[in-house]
Amino acid sequence: MEDNRKKLAKLSREEYRSIVAERLRAIAELYNLDTKTYAERCGISIRRMKNLMNGTANLRIPEMLDISNAFNVGIEFIMGCYPYPLPMPKDETEAAVYELVGKMDMDELKEFKDRLGEKLKETES
């Protein structure tokens, strides 16, 4: 997590806005939402959501928390720390797992998913 903080601190305002905009668009795409529905679910005006999604506005902390809560997505994803829209980590162990998952390429991620599925089937039996 410390590495992520250092990376964020080095970003320009425009770079950070761009990352946040990309992540907000990813959430909208994941849930197949138009801007109006997305804004309503988050309690944000449509104009503001459009500005956030095109990278022309700074995301405020309360807005980030509203989006995080509305879609059960960690603020770390929204800020660009994790590449996948995972829920908020419950503890340091879960945060460490998220960080490891975030470093996996798609092949490693698929293998991890398959192994996890097998383990779940074993525990259900």
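A residue counts as buried when its relative accessible area is under 20%. Keep that cut-off in mind as you move through this predicted model, and begin with Y38.

**Stop 1: Y38.** Select Y38 in helix 3. Its relative accessibility is 0%, so Y38 is buried. Now bring up F71, which lies in helix 5, 33 residues from Y38. The ring centres of Y38 and F71 are 5.4 Å apart with planes at 75°, so this pair is edge-to-face. F71 is buried too, at 3% relative accessible area.

**Stop 2: Y31.** Keep F71 on screen and add Y31, which you will find in the loop between helix 2 (13-30) and helix 3. Along the chain, Y31 and F71 are 40 residues apart. What is the geometry of the Y31 and F71 rings? Their centres are 4.9 Å apart and their planes stand at 50°, so this pair is tilted. Y31 has 34% relative accessibility and therefore counts as partly exposed. These are the two stops for ring pairs: the structure holds 2 aromatic pairs, and they join Y31, Y38 and F71 into a cluster.

**Stop 3: R41.** Stay with the ring of Y31 and show the side chain of R41. The charged end of R41 sits over that ring, 5.7 Å from the centre.

**Stop 4: helix 3 against helix 5.** Switch to a cartoon view and colour residues 35-42 (helix 3) and residues 61-71 (helix 5). The axes of helix 3 and helix 5 are 8 Å apart and meet at an angle of about 100°, so the two helices are roughly perpendicular. To see the contact, show Y38, R41 and C42 from helix 3 together with D66, I67, A70 and F71 from helix 5. By class, this contact has 5 nonpolar and 2 charged residues, with no polar ones.

**Stop 5: helix 3 against helix 4.** Leave helix 3 coloured and add helix 4, residues 46-53. How are helix 3 and helix 4 placed relative to each other? They pack at about 105°, with axes 9 Å apart, and are therefore also roughly perpendicular. On the helix 3 side, select T35, K36, Y38, A39 and C42; on the helix 4 side, select I46, M49, K50 and M53. This contact divides into 6 nonpolar, 1 polar and 2 charged residues.

**Last look.** Return to Y38, where the tour began. Y38 takes part in the contact with helix 5, in the contact with helix 4 and in the ring cluster with Y31 and F71.

Terms used
Residues numbered from 1 in each chain as written. Predicted model: local features only at pLDDT ≥ 70, side-chain atom pairs only at ≥ 80, totals over all residues. Heavy atoms only, no water. Axes fitted to C-alpha atoms, helices over the stretch in contact; angles between N-to-C directions. Helix = DSSP H or I, 4+ residues; strand = E, 2+ residues; numbered from the N terminus. Parallel < 35°, antiparallel > 145°, perpendicular 65-115°, else oblique. Contact = heavy atoms within 4.5 Å. Nonpolar A, V, L, I, M, F, W, Y, C, P; charged D, E, K, R; others polar. Phe/Tyr/Trp six-rings, centres within 6.5 Å; stacked < 30°, edge-to-face > 60°. Buried < 20%, exposed > 50% of the residue type's maximum accessible area, 1.4 Å probe, protein only. Lys NZ or Arg CZ within 6 Å of the ring centre and 35° of its normal.
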